[in-house]
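Below are my notes on the model, set out as numbered points. Please read them with the structure open.

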Amino acid sequence: VEDHLEGAKAAEERPWNKGGSLHMSEVVSMFDKELLQKLKCECGGLKTLLKNKNQVFILRGDSVKLHDWSVEEQIEEKHITSTNRKKGKKKKKTDRELRVKTSLCWFYMHHPDGCPRRAEDCYYAHGPGELRDKPQAAKKSAS
């Protein structure tokens with residue numbers, strides 16, 4: 001039991017592996033031309049697909065890297081501190097807040113180190129049991 005606990009402690013202390021970055025040409029070389037053409041027809045191409053998967057990837061110019069949510073958490077804490085200084089304004093729920101836990105966390109499901117955030121701090125569900133229904137789109141009334 002002690003060995004398992006020490007192993008668990010070592011895993012908790014290990015930093016989350018955010019990986020490096022790749023040039024877009026390196027990413028393109030991982031796929032055959034047929035698949036790249038299929039992506040182009042279905043979603044606008046590989047670069048568009050990666051941009052749309054912004055939970056997982058960040059694109060800056062022609063550089064692709066994993067989204068590091070542990071850094072995002074530090075930025076949010078600073079933002080929350082600065083916005084809490086504004087007084088007297090009612091807080092309206094943002095679209096992002098309404099969508100919390102409406103899809104599964106890619107990192108929790110697929111990354112070898114799991115998600116860098118605790119389940120209660122992650123925007124995404126850490127397992128099917130946390131999933132919520134997506135909010136209904138507001139219907140426009142006919143005038």
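1. His126 has contacts with Cys105, Tyr108, Cys115, Arg117, Arg118 and Ala119, once neighbours within four places in sequence are set aside. The residue sits in the segment after H7. Its relative accessibility is 11%, so His126 counts as buried. The model is a predicted one, and every remark here should be read with that in mind.

2. Arg118, one of the contacts of His126, also takes part in salt bridges. One is with Asp121, where the closest N and O atoms are 2.7 Å apart. Another is with Glu120, at 3.3 Å between the closest N and O atoms. Through these shared partners, Arg118, Glu120 and Asp121 are joined into one network. As for cover, Glu120 and Arg118 are both exposed, while Asp121 is partly exposed at 29% relative accessibility. In general, side chains of opposite charge can pair when their charged atoms come close.

3. How many salt bridges does the structure hold? There are 4, including one between the side chains of Glu130 and Lys101, with an N to O distance of 3.0 Å. Glu130 belongs to the segment after helix H7 (106–110) and Lys101 to the loop between H6 and H7, so this pair ties together parts that are 29 residues apart in sequence. Is Lys101 buried or exposed? Lys101 has a relative accessible area of 11% and is therefore buried. Its partner Glu130, at 28% relative accessibility, counts as partly exposed.

4. Which residues make up the largest nonpolar core? The set has 9 residues: Trp16, Val56, Trp69, Cys105, Phe107, Cys115, Cys122, Tyr123 and Tyr124. Another core lies apart from it and has 7 residues, among them Val27, Leu39, Leu50 and Leu59. Nonpolar side chains tend to be buried together in soluble globular proteins.

5. Trp16, a member of the largest core, is worth a look for its contacts. Beyond the neighbours within four places in sequence, Trp16 is in contact with His67, Asp68, Phe107, His111, Asp113, Gly114, Cys115 and Pro116. Of these partners, Phe107 and Cys115 are also listed in the largest core.

6. Gln55 is a polar residue to check in the same region of the contact list. Its place is in the loop between helix H4 (46–52) and E2. With a relative accessible area of 12%, Gln55 is buried. Residues up to four places away in sequence aside, Gln55 touches His67, Trp69, Leu104, Cys105, Trp106, Phe107 and Tyr124. Among these, Trp69, Cys105, Phe107 and Tyr124 belong to the largest nonpolar core.

7. Tyr123, also in that core, can be set against Glu97. The two are 26 residues apart in sequence, and their C-alpha atoms are 8.3 Å apart in space. Glu97 is placed in helix H6 (residues 95–98) and is partly exposed, with a relative accessible area of 27%.

8. In what order do the strands of the sheet run? The open sheet is formed by 3 strands in the order E1-E3-E2, with antiparallel pairing. Strand E1 (21–23) and strand E2 (57–60) are at the edges and have a single partner strand each, so one side of each has no neighbour in the sheet. From one strand to the next, the twist averages 25 degrees.

9. The pairing of E1 with strand E3 (residues 63–66) is antiparallel and runs over 3 bridges. Within it, Ser21 is found opposite Lys65 in E3.

10. On the chain as a whole, there are 7 helices and 3 strands. Read from the N terminus, the elements follow the order α-β-α-α-α-β-β-α-α-α. Of the 143 residues in the protein chain, 20% are buried. The exposed area comes to about 11,600 Å², and carbon and sulfur atoms supply 53% of it.

11. Last, the contacts along the chain. Among contacts in the protein chain with a separation of 6 or more, 51% are accounted for by residues 24 or more positions apart.

Methods:
Residues are numbered from 1 along each chain as its sequence is written. This is a predicted model: local features need pLDDT of at least 70, side-chain atom pairs count only at pLDDT 80 or more; totals for chains, interfaces and linings use all residues. Side-chain values use heavy atoms; hydrogens and water are left out. Two strands pair if DSSP finds at least two bridges between them. Helices (H or I, at least four residues) and strands (E, at least two) are DSSP runs, numbered from the N terminus. Axes are lines fitted to C-alpha atoms, for helices over the stretch in contact, and angles run from 0 to 180 degrees between N-to-C directions. Buried means under 20% relative accessible area, exposed over 50%, partly exposed in between (1.4 Å probe, protein chains only). Contact means heavy atoms within 4.5 Å. Accessible areas come from the Shrake-Rupley method with a 1.4 Å probe; for residues, only the protein chains shown count as cover. A nonpolar core is a set of buried Ala, Val, Leu, Ile, Met, Phe, Trp, Tyr and Cys residues joined through side-chain atoms within 4.5 Å.
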